[in-house]
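Let's take a walk through this protein together, moving from single residues to the chain as a whole. Keep the structure open beside you and turn it as we go.

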Amino acid sequence: MKRKFDFYIVPTPIGNISDITLRAIEVLKEVDIIACEDSRVTQKLLNHYDIKTKCISYHKYNEKERVDSLIKILNEGKTIALVSDAGTPMICDPGSILLSELKKNNINITALPGACAVTTFLSQIPRDTEEFKFIGFLPKSEKQILDLYEENKYTNMVFYESPNRILKTLKIIYSKNHNLKIAIGRELSKMFEEIIVDDILNVINHFSNTEIKGEFVCMTFAQKNQELSYLKDKIEKLKEQGFKPKEISEIISTLYEVNKNDIKEILY
Ligand code: SAM
């Protein structure tokens, strides 16, 4: 059967090998080529599901060189699926260079829904608001982390972190804000999955003096702005002038760079 698309972006499990959709298995069986990061990793998955499709490597070190050969394969009328080692390609994984070239070449692309550490994490963390900002991996230097946190302290900031760096990162953020609530998802969908939602100091203590293992997703909860009372007068004036709450929220958040949810607390 001729497939509707030429190029498929296919999520694979982030820990539990059963976390793959029926459609993903079907596509991986039917395409001509699977472009994967590390063929040893992908081959384990393919063996498990008895998928015989040929793999070729596509990773961050050969992204540019591979583009032409993949486009050539597609122009021969063949189909390709892109997978990463785990989770959704393009989410902190390679694919961007290839995709922009495929689009220039009018290749029919589609993405399948599936496993991803960010969504698996966020779907089990209670929050006041839907809003969050996903950073990917945090920068390395202390200053860069502090600047980034400062920039995003009024939103739920979600990031990936390695076991080697997690404690150091938490301590850096703690130095900026002692009263922060954070959420951690460790080893999601795996045997030793751990979810923690607590004050940052308790989390630091939890991971101190122990060997830290596994993969991590973290979220710093949006800090409530304590100093918003100075905006009360301005909000009242806008109300008197007949602006609607939604408009006031828009104006104030734009002018004073304040989170709309915090404005709500004063508005109503
Ligand atoms: N493409 C993947 C996705 O869809 O989530 C992310 C790939 S990125 C190279 C790998 C990072 O994702 C890990 O270092 C970790 O921060 C996070 N991650 C992946 N699997 C995870 C899991 N099972 N539990 C917690 N974090 C995970």
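Thr 42 sits in helix H2, which covers residues 39-48. Is Thr 42 buried or exposed? With a relative accessibility of 4%, Thr 42 counts as buried, because the cut-off for that class is under 20%. Which residues surround Thr 42, once neighbours within four places in sequence are set aside? The contacts are with Ile 34, Cys 36, Cys 55, Val 83 and Ser 84. Please bear in mind that this is a predicted model.

Now step back to the chain as a whole. Its secondary structure amounts to 11 helices and 10 strands. The C-alpha trace spans about 65 × 50 × 30 Å along its principal axes. Of the 268 residues in the chain, 47% are buried. If you look at contacts between residues at least 6 apart in sequence, 67% of them join residues at least 24 apart. As for the outside, the chain exposes about 15000 Å², and carbon and sulfur atoms supply 50% of that area.

Helix H7, residues 166-176, is a good next stop. Its buried residues are Ile 166, Leu 167, Thr 169, Leu 170, Ile 172 and Ile 173. What do these buried residues pack against? On the helical side, the partners are H6 (142-152) and H8 (200-207). Strands take part too, namely E7 (157-161), E8 (181-186) and E10 (216-220). Tyr 174 also belongs to helix H7. Apart from neighbours within four places in sequence, Tyr 174 is in contact with Ile 200, Leu 201 and Ile 204. Take Tyr 174 and Ile 200 as a pair: 26 residues separate them in sequence, while their C-alpha atoms are 6.7 Å apart in space.

Further along the chain you will find Leu 238, in helix H9 (residues 232-240). Leu 238 has a relative accessible area of 14%, so this residue is buried. Beyond its neighbours within four places in sequence, Leu 238 is in contact with Phe 243, Ile 248, Ile 251 and Ile 252. Of these contacts, Ile 252 is 14 residues from Leu 238 in sequence, with a C-alpha to C-alpha distance of 9.6 Å.

Helix H9 also leads us to the charged side chains. Side chains of opposite charge can pair when their charged atoms come close. In this helix, Lys 239 and Glu 236 meet in a salt bridge, at 3.6 Å from N to O. Why are these two separated by about one helical turn? They are three residues apart in helix H9, which means a spacing of about one helical turn. Both ends of this bridge are partly exposed, Lys 239 at 33% relative accessibility and Glu 236 at 38%.

How many salt bridges does the structure hold? There are 14. Another of them joins Glu 215 and Lys 190, whose closest N and O atoms are 2.9 Å apart. This pair links distant parts of the chain, 25 residues apart: Glu 215 is in the loop between H8 and E10, and Lys 190 is in the loop between E8 and strand E9 (194-199). Glu 215 is exposed, with a relative accessible area of 52%, whereas Lys 190 counts as partly exposed at 26%.

Asp 50 and Lys 52 form a salt bridge as well, with an N to O distance of 2.4 Å. Here Asp 50 is partly exposed at 48% relative accessible area, and Lys 52 is exposed at 70%. You can also pick out Lys 72, Glu 76 and Lys 78, which are linked in a network of salt bridges. Over the whole chain there are 38 positive and 39 negative side chains, and the centres of these two sets lie 3 Å apart.

Let's finish on the surface. Which residues make a nonpolar patch of about 320 Å²? Tyr 230, Leu 255 and Tyr 256 do. Tyr 256 lies in helix H10, residues 245-256. Its relative accessibility is 31%, so Tyr 256 counts as partly exposed, and it qualifies for the patch because patch residues need over 30% relative accessible area.

How values were computed
Residues numbered from 1 in each chain as written. Predicted model: local features only at pLDDT ≥ 70, side-chain atom pairs only at ≥ 80, totals over all residues. Heavy atoms only, no water. Patch = residues over 30% accessible without salt bridge, like charges linked within 9 Å, V, L, I, M, F, W, Y side chains within 5 Å. Areas by Shrake-Rupley, 256 points an atom, 1.4 Å probe, with all protein chains shown as cover. Salt bridge = Lys/Arg side-chain N within 4 Å of Asp/Glu carboxyl O. Helix = DSSP H or I, 4+ residues; strand = E, 2+ residues; numbered from the N terminus. Buried < 20%, exposed > 50% of the residue type's maximum accessible area, 1.4 Å probe, protein only. Contact = heavy atoms within 4.5 Å. Lys, Arg positive; Asp, Glu negative; His and termini not counted. Charge placed at Lys NZ, Arg CZ, Asp CG, Glu CD.
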